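Dear colleague,

Here is the structure I said I would pass on. My notes on it follow below.

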Amino acid sequence: MRRSLLALAFLGTTALTPAPVSAAPVVAFVAGSIGVASGTALAASAAYASGAAFAATAVGSFVVKTIVAVGLSALASSLAPKPSLPPPAARMVNFAQPVSYAEFVYGRTRKGGPLGFTGFQNGRRYYVPILAAHPIEGVFEHWLDERTVTLSGEADPDVSNVATAPIAGYGRVDLFEGGSDQSANTGLVSAFEEITNAHDFRGLSGAVIWAARPPQNAFTEIYPGGRQWAYAPVIDGKNNIFDPRSGARGYTNNAALVIADWVVSILGRGVDWDEVADEADVCDQVVTNADGGTQKRWTLNGTLSDDQTYEDQRAQLAAACDAFIYERTDGKVGFTVGRWIEPDLILDDADFFALELSQGQWGADAPDEISAVYSEPENSWRETPSGTWVEEEKPLPVRDEPQLYMINSHNQAARVIKRIVKTKRAQYQIRATIGIKGYEILGGRGKGRANRFVRVVHKGLGIDQFFEIGELVREDAMTFTLVANSVKKLDFGFDAASEEPKRPSFESVTSDGSVNVPANFTGAAQDGGSLLFIWADQDAAFRQEVRYRETGTPYWVGVSTTQSTDRILVGGLKDGVAYQAQIRNVSAAGTASAWSPDPPIEVGVITDSVAPGDLSGFNLVEQSGNVVLSWLAANDGHYFGARIYRASGSTAFADAILIHTEYGVPGDGDDHVDPQPGYAIFSYWAEPINGSGVAGTRIGPISVELSIPGP
C-alpha cells in the first residue's frame, strides 16, 4: 500500500504536470477516496475526509453509478421523446387509479392530477383532484376543461362560486394549498358521512369540486365533455424553496434555486449554498427577447413525477437552463447554469493516458436544424414546437426536436437549442482516459467548484482548443474517462433580435367541430292556438331544438326535430298570450350551438286569424246626457264582439281611445250606453272582432254634441 501512496505523491509532483501543484491535498484526498492510511496523520486531514465522503457518494452517484459530472452534450441524448416523459397535455386531466405517483411542481405551469376522492350526493358529483404532493403558492388561472373561469367570493360550500357563463351556478371550486394548518373541506364533510375532519389532505395541494346536475337541454352546453369538468389550472408551484441570499423560503422559479431544492428535497443530497447563491444571481440576470421585452435569464417551470427516473428528472431540469451538474469533492452535488466561464485549467499531452480525437460535424447525431418542444402559455400551456434554428440549409435536413418541458419561454427555448446544435456539431470531440486531473476538474476552481471548461493543449495532435465537459466518469480512485466537445465563447452569446427564430403565432379560431347557430329565426301565429317557427336551411348533419316559454315566466319548454329542416309547428298554446322562443343546432354527437337569438324573439298566439264580417246600422242617440250606440253584427261565425272607440272634440281616429268591448253573437243587434261622457262634441267608431281579437273593418265616425242644459 505504501507503493500506492508513493505513486500518488509522484503523480502530484511537477514531474508529470506542466505547472507546480501542491501534492499533499491531492494525495490525502485520493487516499481517503480509496480508504488507505487509516489511523495515520494523513487520515486526520480535511482532504482525506473529503476524499472519503466523495468515495461514499460517487459509487452510488445520483447520475448513474460512477458518472461524476455531466453537461449539455450528454444531457441532450436524454431529451428525445419516450413514454416515460409525458407531455404537459397528458397532465391536464383528472383520473382515478389505485396508486398514483407523487408529482412535484416547480414554477408556473398548467396541470391536473389524480383524484383523491370522488362521489355523488344531492344531485352533485364531488371530486378532489390532487395537484401536487407538497404545498403550493396558489392558482394563477382556473381552467375547467378547455376554458378559463373566474370564481366569485361566495363562501358557502353549498352555493356555486363559478362565475363564468354558461356554467355559472352549476359548480364550485375550493382550492387547498397544502399548508400545515389545512382543515377538511366543510362541504365535503357535510355531504358524506364517511368523510371526517381527519380527511384534511394536509401536505397536499388540490381542490374540492362539485358539479351540479343541469337541465337536460343545457347539458352539452355546461358539460361539453359529457361528464364533470377536468380541473387543470395554471398553478404557481412549490412555495418552500430556500434562497441562501435572503435566508428565506418561498415560491420562486429561479433555475438555480429549483435545482438546489430538487437535489436536497428529492435526491436527499447536499449542496454548497454559497455556490447556489452565485448561480441564482446568474439566473436572475435580465436578458432581452425578440419581442423587445426583458425576462430573467434562467427559470424552470414544470412538473416532475416519481415515476420518472432521476436521470430523466435531471435531464429536464439541467437541459432547460444549460446546466452542468457534478459530484463535488466534498461529496455534495454542484452545478453551474448556462454561461461562458473562462477556463484556467489546462490539459496537455502528459495528462492523457489515452486520447481519441474526432474531427468534423457530419455525424448521424449532428442536426442541421433544431426546434425545441416546450410549454407555451399562449397555446393553453401545452407542448409546442419553438421556431426552428437552422444551422445549415439542406434539401433533406437532419432535424432534432428535444423535449424541454421545464421551459415556458420561447426565448429561453431558443437559447438552449442554439447551445444544443452547437455542441452536437462541435468541431472536435475527445474521448480520453486521464488520471488524478479528474479531481482538479471536479474541484479546481476553488471551494470545491468544478471546471466546466478546460483548455486542451496537445502538441502531438496539434490542437489548442477550449473544451466543455460532456461527461466525466470515475473508473477507479486514480482513473477517469472524459468526454468533451470543443466550444467557443460565441456559442454562449445570444442576440435575440437576430438569432431568436420566429415564434409560432396562436390565433383564436373556430374549430372544425364547432356548431353554427341557425340564422333568420322567426315565428308566426297559426289558427288553433299554434306557432310556426321558421329558420334558414341548415347543414344536414344537425338537427334543431326550439325552446319557448310564456313571456315573463322562467321555465322553458323544448321541442326537437328528428332531422335537419327549416320549420317546426308548436300547438296547444294559450290564445292571446305572448311567447318567447330561441333555437340551436345539435350534432349527432350531442354537441350543441349556443341558443339564439339573445334576447329571444317574441310572438303572440292567435287561435282565430280570420277577421269577422262588417258591422251595419251603426247609430247613436242622446238620452239625458248619455250616448246610446247601436249596431247590427254580421251573420258570421267569426264574430265575437265589437270594440267601441271615442274621441273628444275631434273626428280623427288617432285621437280616439278604446272605451268598451261589447261581446255578442253573429247576426244579432247590439248596443252600448256611454254614460255621461261630458259636454263637448264626441265622435264614435266601432269595429268587429273575432275570438282571438282579430279586428274587421272599422266604421265611423258618428258624432254628437252634448251641451250644458239651460236653467
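What share of the residues in the protein chain is buried? Of the 711 residues, 49% are buried. Please keep in mind that this is a predicted model.

The protein chain has 12 helices and 43 strands. If one takes the contacts between residues at least 6 apart in sequence, 68% of them join residues at least 24 apart. The chain exposes about 31800 Å², and 51% of that comes from carbon and sulfur atoms.

I looked at two places in more detail.

The first is helix H8, residues 273-283. Its buried residues are Glu275, Val276, Ala277, Glu279, Ala280, Val282 and Cys283. They pack against one helix, H7 (255-266), and against strands E15 (294-296), E17 (324-327) and E18 (333-336). At the start of H8, Asp272 has a side-chain oxygen within 3.0 Å of the backbone nitrogen of Asp274.

The second is an open sheet of 4 strands, in the order E40-E39-E42-E43, with antiparallel pairing. Strand E40 (657-663) and strand E43 (699-705) are the edge strands, each pairing on one side only. On average, neighbouring strands of this sheet are turned by 25° against each other, direction ignored. Within the sheet, strand E39 (residues 641-648) pairs with strand E42 (residues 681-689) in the antiparallel sense over 8 bridges. Ala647 has Ser683 in E42 as its bridge partner. As background, strands of a sheet pair through backbone hydrogen bonds, either parallel or antiparallel.

Regards

Definitions and conventions. Residues numbered from 1 in each chain as written. Predicted model: local features only at pLDDT ≥ 70, side-chain atom pairs only at ≥ 80, totals over all residues. Heavy atoms only, no water. Helix = DSSP H or I, 4+ residues; strand = E, 2+ residues; numbered from the N terminus. Buried < 20%, exposed > 50% of the residue type's maximum accessible area, 1.4 Å probe, protein only. Contact = heavy atoms within 4.5 Å. Areas by Shrake-Rupley, 256 points an atom, 1.4 Å probe, with all protein chains shown as cover. Pairing = 2+ DSSP bridges. Axes fitted to C-alpha atoms, helices over the stretch in contact; angles between N-to-C directions. Polar contact = N/O pair within 3.5 Å; in protein donor to acceptor, adjacent residues only side chain to side chain.
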